[in-house]
Structures are given as structure tokens and as C-alpha cells.
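Look at the sequence and the 3D view below before reading on. The text then goes from the whole chain to one part of its surface.

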Amino acid sequence: DLYAYFVSIYISLGVNRLFVLFLPYVIATGFIVAIFSVYLLTPIAFWRKLTPIYSFPADLQSKIDEVTQKAEIKNVKFFKYDSPEINAFTYLTVTGPRIVVTTGLLDAYSKGYINGDEFAAIIGHEMGHIKHRDPLRSGITMSWVSILNISGTVLMFFGFFFLGLAALSGGLIKLVNFLIGVFSVVFGFGLKIFSKIVSIIS
């Protein structure tokens with residue numbers, strides 16, 4: 001019984017210490033995953049789906065150039081995405097930002113459903129995302145959502161592990177293992193719920 005007592009304490013302290021020691025690595029991993037995802041994985045995903053736009057119609061190009069100069073953003077390249085949806089979006093690469101407009105948006109302009117100022121306003125909106133690094137912020141958020149979800153799963157696993165130890169032990173160590181187990185399960189479940197809420201909001 002005494003041997004089991006010390007083994008249980010050792011495992012309890014060891015697991016918690018391990019979690020604390022690896023926490024900075026988990027935080028660093030979140031940023032690394034975000035940067036890797038935003039600057040490499042996203043461009044690769046769009047690589048074969050986009051067509052470069054080297055110039056817009058002259059009257060529209062002048063408005064876009066004006067918006068670009070006001071935003072003070074360099075090395076912006078434009079691409080076309082084949083979709084009937086009237087939309088535009090932006091993403092980042094290691095060589096500079098990219099703004100993508102759908103064929104639906106281009107058709108809306110060519111058919112007169114939107115004018116040059118409205119088109120330029122849409123481009124200006126995407127410039128704002130670039131200027132404030134919203135794609136990177138979104139990537140960091142989603143990376144942390146994944147990490148929180150995984151951490152919650154790990155904590156719940158250890159929580160049930162300690163609850164199992166509590167069932168096999170007695171005395172004070174039973175209470176310690178029980179409290180650690182309950183805390184880990186509740187906190188882990190909370191992390192998973194929180195990550196789900198953040199993913200929905202994002």
C-alpha cells in the first residue's frame with residue numbers, strides 16, 4: 001500500500017509537471033502552425049485554381065491603382081477565381097499579398113450591375129484585410145482552436161486516468177487523484193467547448 005501510495009503521487013506530480021513544461025512548446029507550436037498554414041498551405045491550395053489578372057479595364061484600373069496607393073500596400077497581385085458568386089477575398093504568401101476576385105464579380109461589373117467605384121470599394125475592403133493582417137490573425141485563431149481542442153482531449157484522457165487511479169487507491173491519495181481527475185475532465189471539456197465557440201465565431 002505504501003509503495004502504491006508513492007507511485008500514485010509520483011505519477012500525479014509527473015504528469016502535471018510534464019504538462020507545465022510542455023505548455024510553452026504548445027504555445028510556440030500554435031504560432032508556427034499558423035504561419036505555415038497562412039503563408040504556405042493556403043497558397044498551395046489555391047495554386048491551380050486561380051488565374052492571374054495582369055490588368056483590369058482602363059477606367060477600373062485607375063480606380064484600383066488609387067485605392068492601392070492610398071492603402072500603401074506593395075507587391076499586391078490580383079487573381080481570378082472561377083465562381084458565379086459575387087465575392088472577393090485575400091490571402092498572404094511569402095512573396096506578397098494576393099487579392100482574388102470571382103468571375104461573378106467581374107461579370108457583375110461588365111454587365112453594369114456594379115460600377116467602378118463600387119468595385120474599387122470591394123478591393124479597398126480587401127486591402128484593409130491585408131493592412132491589418134487579418135488572414136494571419138485568422139490563421140493564428142484557427143490554429144489555437146485546434147490546439148485547444150487537442151489539449152482538451154488530452155486533459156480529459158488524463159482526467160479519466162486519475163479517476164481510475166482514485167478508484168484503485170485509498171486514503172488521502174484517493175482524494176488527491178479524484179480531485180485531479182475531476183479538474184482535468186472538467187477543464188478539458190471546457191477547453192473543447194471554448195474551442196468550438198471560437199471556431200463558430202471566427
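The paragraphs below describe the overall build first and a surface patch afterwards.

The model shown here is predicted. The protein contains 6 helices and 4 strands. Read from the N terminus, these elements follow the order α-β-α-β-β-β-α-α-α-α. To follow the chain in the picture, start at the N terminus and check each helix and strand against that order.

Next comes the question of what is inside and what is outside. Of the 202 residues in the protein, 36% are buried. The accessible surface is about 12,900 Å², and carbon and sulfur atoms account for 68% of this area. Contacts can also be sorted by distance along the chain. Among the contacts in the protein with a separation of 6 or more, 62% join residues that are 24 or more positions apart.

One part of the surface can be described residue by residue. A nonpolar patch is formed there by L172, L175, V176, F178, L179, V182 and V186, and together these residues have about 620 Å² of accessible area.

Two members of the patch serve as examples. L175 is located in helix α6, which covers residues 171–201. With a relative accessible area of 45%, L175 is partly exposed. V182 also has its place in helix α6. Its relative accessible area is 33%, so V182 counts as partly exposed, a class that lies between buried, under 20%, and exposed, over 50%.

V182 can also be located relative to F162. These two residues are 20 residues apart along the chain, and their C-alpha atoms are separated by 8.3 Å.

Key: Residues are numbered from 1 along each chain as its sequence is written. This is a predicted model: local features need pLDDT of at least 70, side-chain atom pairs count only at pLDDT 80 or more; totals for chains, interfaces and linings use all residues. Side-chain values use heavy atoms; hydrogens and water are left out. Helices (H or I, at least four residues) and strands (E, at least two) are DSSP runs, numbered from the N terminus. Buried means under 20% relative accessible area, exposed over 50%, partly exposed in between (1.4 Å probe, protein chains only). Contact means heavy atoms within 4.5 Å. Accessible areas come from the Shrake-Rupley method with a 1.4 Å probe; for residues, only the protein chains shown count as cover. Patches are made of residues with over 30% relative accessible area and no salt bridge: like charges are joined within 9 Å, nonpolar side chains (Val, Leu, Ile, Met, Phe, Trp, Tyr) within 5 Å. A salt bridge is a side-chain nitrogen of Lys or Arg within 4 Å of a carboxyl oxygen of Asp or Glu.
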